[in-house]
Amino acid sequence: MSYAKCWDYQQKLLDSIIETKVYNRRNPDKQKKTKNYFLWVEHPPVYTIGRRGQMTNLLLQKEQLKAKNISFYHTNRGGDITYHGPGQIVGYPILDLENFFTDIHRYLRKIEQSIIDTLEHYDIQSKRSQGGTGVWIGTKTPKKIAAIGIRTSRWVTMHGFALNVNTDLSYFNHIIPCGISDKGVTSIERELGQNISVSQVKELLELNFSQHFNLQWISKAVNS
């Protein structure tokens with residue numbers, strides 16, 4: 001799904017949850033349960049930058065982006081600039097954290113741990129970066145394998161994370177990923193030296209997210 005279309009869809013879901021929460025505050029005797037959503041997406045090539053990101057971290061001009069058929073969007077999420085594209089698993093949890101816990105730091109750490117546990121299945125040792133978000137591999141020259149950037153409103157989340165599976169990493173050469181110039185990027189394919197089933201990785205992520213967030217997947221839908 002295109003980034004713009006998916007962003008609009010996320011916003012509609014977030015707005016619908018907030019609408020229910022506003023109703024509940026106005027009608028304490030007629031409470032409605034808020035819904036939670038989780039979108040699994042693969043985007044065509046696109047660069048996105050967070051609300052406090054620096055445009056100097058995009059190394060291409062508008063004409064060059066067009067020539068390479070890469071979209072670009074300023075977003076309302078946290079974080080700096082990153083890339084989304086084929087071979088990458090993007091997850092957008094649109095959750096009412098009041099159904100889970102009202103702690104943004106804990107929320108981010110649980111996303112990271114779900115990814116770390118998934119990578120461990122492939123014998124890939126990964127970790128967090130102190131003082132930042134995301135999942136990294138290596139110590140001397142850390143490489144980011146998963147980026148995270150979110151937005152919350154009234155404890156409802158949107159945007160999320162991107163895990164590089166079979167991603168074409170050359171796209172990262174045209175940006176300073178997450179605004180960090182002295183560290184690299186990697187993928188599961190790069191680390192293992194072989195192409196990996198994206199659907200298998202997604203199934204593992206679903207399992208780990210269900211465990212860390214104590215949630216149950218009710219249904220799945222495919223939108224194009």
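These are my notebook entries on a helix, a loop serine, a pocket and two cysteines in a predicted model.

**Helix H3**

I started with H3, which runs over 104-120. I checked its length against the ideal rise: at 1.5 Å a residue, its 17 residues should span 24 Å. The end C-alpha atoms of H3 are 24 Å apart, so the expected and modelled spans agree.

Next I asked which residues of H3 are buried. I found Tyr107, Leu108, Arg109, Lys110, Ile111, Glu112, Ser114, Ile115, Ile116, Thr118 and Leu119. An α-helix has 3.6 residues a turn, so residues three or four places apart point the same way. In H3 I can pick out Leu108, Ile111 and Ile115 among the buried ones, though Arg109, Lys110 and Glu112 are buried too.

Then I looked for what covers those buried residues. The cover includes strands E5, E6, E7 and E8, and also helix H4 (188-192) and helix H5 (198-213).

**Serine 126**

From H3 I moved along the chain to the loop that leads to strand E6 (135-137), where serine 126 sits. Is serine 126 buried or exposed? Its relative accessible area is 16%, and the cut-off for buried is under 20%, so I put serine 126 down as buried.

I looked up its contacts, leaving out residues up to four places away in sequence. Serine 126 touches Ile116 and Leu119, both of which I had already listed as buried in H3. It also touches Val135, Trp136 and Ile137, and E6 covers 135-137.

**The second largest pocket**

I put the volume of the second largest pocket at about 350 Å³. Its lining has 24 residues, and the closest to the pocket centre are Arg77, Gly78, Gly79, Ile148 and Gly149.

Which element gives the most to this lining? It is E7, with 5 residues. Strand E4 (81-84), strand E5 (88-94), H3, strand E7 (143-153) and strand E8 (156-164) each supply at least two. By type I noted 12 nonpolar, 9 polar and 3 charged residues in the lining.

**Cysteines**

Last, I checked for disulfides, and the count comes to 0. Cysteine 6 is in no disulfide; the nearest cysteine sulfur to it belongs to cysteine 178, 19 Å away. Cysteine 178 is in no disulfide either, and its nearest cysteine sulfur is that of cysteine 6. A disulfide needs the sulfurs within 2.5 Å, so I ruled this pair out.

I also noted their exposure. Cysteine 6 is buried, with a relative accessible area of 1%, whereas cysteine 178 is partly exposed at 23%.

Notes: Residues are numbered from 1 along each chain as its sequence is written. This is a predicted model: local features need pLDDT of at least 70, side-chain atom pairs count only at pLDDT 80 or more; totals for chains, interfaces and linings use all residues. Side-chain values use heavy atoms; hydrogens and water are left out. Helices (H or I, at least four residues) and strands (E, at least two) are DSSP runs, numbered from the N terminus. Buried means under 20% relative accessible area, exposed over 50%, partly exposed in between (1.4 Å probe, protein chains only). Contact means heavy atoms within 4.5 Å. On a 1 Å grid over the protein atoms alone, a cavity is a set of points where a 1.4 Å probe fits but cannot get out, and a pocket is an open set with protein on both sides within 12 Å along at least five of seven lines; lining residues have an atom within 4 Å of a point. Grid points are joined across faces, edges and corners, and a volume is the space filled by probe spheres set on the points. Ala, Val, Leu, Ile, Met, Phe, Trp, Tyr, Cys and Pro count as nonpolar, Asp, Glu, Lys and Arg as charged, and the others, Gly among them, as polar. The expected span of a helix is 1.5 Å times one less than its number of residues.
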